[in-house]
Amino acid sequence: MKFFVDSADVEAIAELNDLGMVDGVTTNPSLILKSGREIIEVTKEICSIVKGPVSAEVVALKAEQMIEEGRKLAEIADNIAIKVPLTWDGLKACKVLTGEGRMVNVTLCFSANQALLAAKAGATFISPFIGRLDDINLDGLDLIADIRTIYDNYGFETEILAASVRAVNHVSEAALIGADIVTAPPAVIRKMAEHPLTEKGLQGFLRDWEKTGQKIL
Ligand code: E4P
């Protein structure tokens with residue numbers, strides 16, 4: 001499974017990248033706002049750190065303008081994936097931009113039918129939002145499973161990029177279902193290393209080590 005970092009925080013991305021945890025990055029207008037940086041500048045810096053796809057999102061609502069914005073964002077670096085919303089215009093933009101050989105991430109996907117349309121429009125990535133479905137008492141992971149089944153039934157090559165990940169179980173469950181990629185905030189990726197029994201076991205070993213009176217260094 002590939003790991004993308006859902007963030008525009010350059011320091012956090014660089015730290016995870018040094019650990020080999022980063023296969024790509026996803027950003028969105030809210031994450032750009034949170035970074036406090038200018039979109040082109042911060043995205044260029046991220047692209048210089050990470051080799052894999054870096055998603056940068058268009059903000060136009062009409063296909064023609066989305067295509068123009070997408071082409072401009074793609075000038076930032078060769079590894080830009082243009083993020084377009086899952087609207088009718090977004091699907092039109094997806095078709096044109098992938099036809100030009102660019103990577104396109106279709107975002108804000110909340111149903112299997114939307115994912116089916118994105119695959120038909122040639123999307124490189126489809127981003128179903130798990131957490132936002134959970135927020136309204138639906139099961140975001142069910143959607144990941146449905147899309148996996150549909151894409152496998154027909155051999156669609158669009159990669160399933162599980163997004164809106166809020167908890168560590170979203171990552172493991174998406175992996176079990178067979179999502180190709182998960183994009184998670186840095187804090188969720190770090191939390192995946194935690195387990196109460198690891199902490200308890202470590203404390204026990206350290207107490208016993210103290211009693212031996214020995215030193216390694
Ligand atoms: C995905 O590409 C989005 O940037 C992101 O996962 C949205 O997550 P949120 O629902 O926590 O804002």
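**Exercise 1. Glu-100 and its partner**

Decide whether Glu-100 in this predicted model is buried, partly exposed or exposed, and find which residue forms a salt bridge with Glu-100 and which parts of the chain the pair ties together.

*Solution.* Begin with the accessibility of Glu-100, which has a relative accessible area of 34%; because the partly exposed class lies between the 20% and 50% limits, Glu-100 is partly exposed. Next, look for its partner, which is Arg-71, with the closest N and O atoms of the salt bridge 2.5 Å apart. Then place both residues: Arg-71 belongs to helix H4, whereas Glu-100 sits in the loop between helix H5 (88–99) and strand E5 (103–109), so the salt bridge ties together parts that are 29 residues apart in sequence. Arg-71 also counts as partly exposed, at 31% relative accessibility. Finally, widen the view, and the two residues turn out to be linked with Glu-68 and Arg-102 in a network of salt bridges.

**Exercise 2. Two further salt bridges**

State how many salt bridges a search of the whole structure finds, and then describe the pair Asp-135 and Arg-166 and the pair Glu-41 and Arg-37.

*Solution.* The search of the whole structure gives 13 salt bridges. In one of the pairs to be described, the side chains of Asp-135 and Arg-166 meet at 3.0 Å, N to O. This pair links distant parts of the chain, since Asp-135 lies in helix H7 (residues 130–135) and Arg-166 in the loop between strand E7 (159–162) and helix H9 (168–177), 31 residues apart. As for accessibility, Asp-135 counts as exposed at 52%, while Arg-166 is partly exposed, with a relative accessible area of 43%. In the other pair, Glu-41 forms a salt bridge with Arg-37, and the closest N and O atoms are 3.1 Å apart. Here Glu-41 is partly exposed at 44% relative accessible area, and Arg-37 is partly exposed at 29%.

**Exercise 3. The two largest pockets**

Give the volume of the largest pocket and of the second largest pocket, and work out which helix gives the most to each lining and how each lining divides by class.

*Solution.* Take the largest pocket to start with, which holds about 490 Å³ of space. It is lined by 22 residues, and those closest to its centre are Asp-6, Asn-28, Leu-31, Lys-34 and Pro-185. Helix H2 (residues 29–35) gives the most to this lining, with 4 residues, and the division by class is 7 nonpolar, 9 polar and 6 charged residues.

Turn now to the second largest pocket, whose volume is about 160 Å³. Its lining includes Pro-29, Ile-32, Glu-57, Val-58, Glu-69 and Lys-72. At least two residues of the lining come from each of H2, helix H3 (39–49) and helix H4 (63–74), with H4 supplying the largest share, 3 residues. By class, the lining of this second largest pocket has 7 nonpolar, no polar and 3 charged residues.

**Exercise 4. A nonpolar surface patch**

Identify which residues form a nonpolar patch on the surface, and say where Leu-217 is placed and whether Leu-217 is buried or exposed.

*Solution.* The patch is formed by Trp-209, Ile-216 and Leu-217, which together have about 440 Å² of accessible area. Leu-217 is located in the segment after helix H11 (196–212). Its relative accessible area is 97%, and because exposed means over 50%, Leu-217 is exposed.

Notes. Residues are numbered from 1 along each chain as its sequence is written. This is a predicted model: local features need pLDDT of at least 70, side-chain atom pairs count only at pLDDT 80 or more; totals for chains, interfaces and linings use all residues. Side-chain values use heavy atoms; hydrogens and water are left out. Patches are made of residues with over 30% relative accessible area and no salt bridge: like charges are joined within 9 Å, nonpolar side chains (Val, Leu, Ile, Met, Phe, Trp, Tyr) within 5 Å. Accessible areas come from the Shrake-Rupley method with a 1.4 Å probe; for residues, only the protein chains shown count as cover. A salt bridge is a side-chain nitrogen of Lys or Arg within 4 Å of a carboxyl oxygen of Asp or Glu. Buried means under 20% relative accessible area, exposed over 50%, partly exposed in between (1.4 Å probe, protein chains only). On a 1 Å grid over the protein atoms alone, a cavity is a set of points where a 1.4 Å probe fits but cannot get out, and a pocket is an open set with protein on both sides within 12 Å along at least five of seven lines; lining residues have an atom within 4 Å of a point. Grid points are joined across faces, edges and corners, and a volume is the space filled by probe spheres set on the points. Ala, Val, Leu, Ile, Met, Phe, Trp, Tyr, Cys and Pro count as nonpolar, Asp, Glu, Lys and Arg as charged, and the others, Gly among them, as polar.
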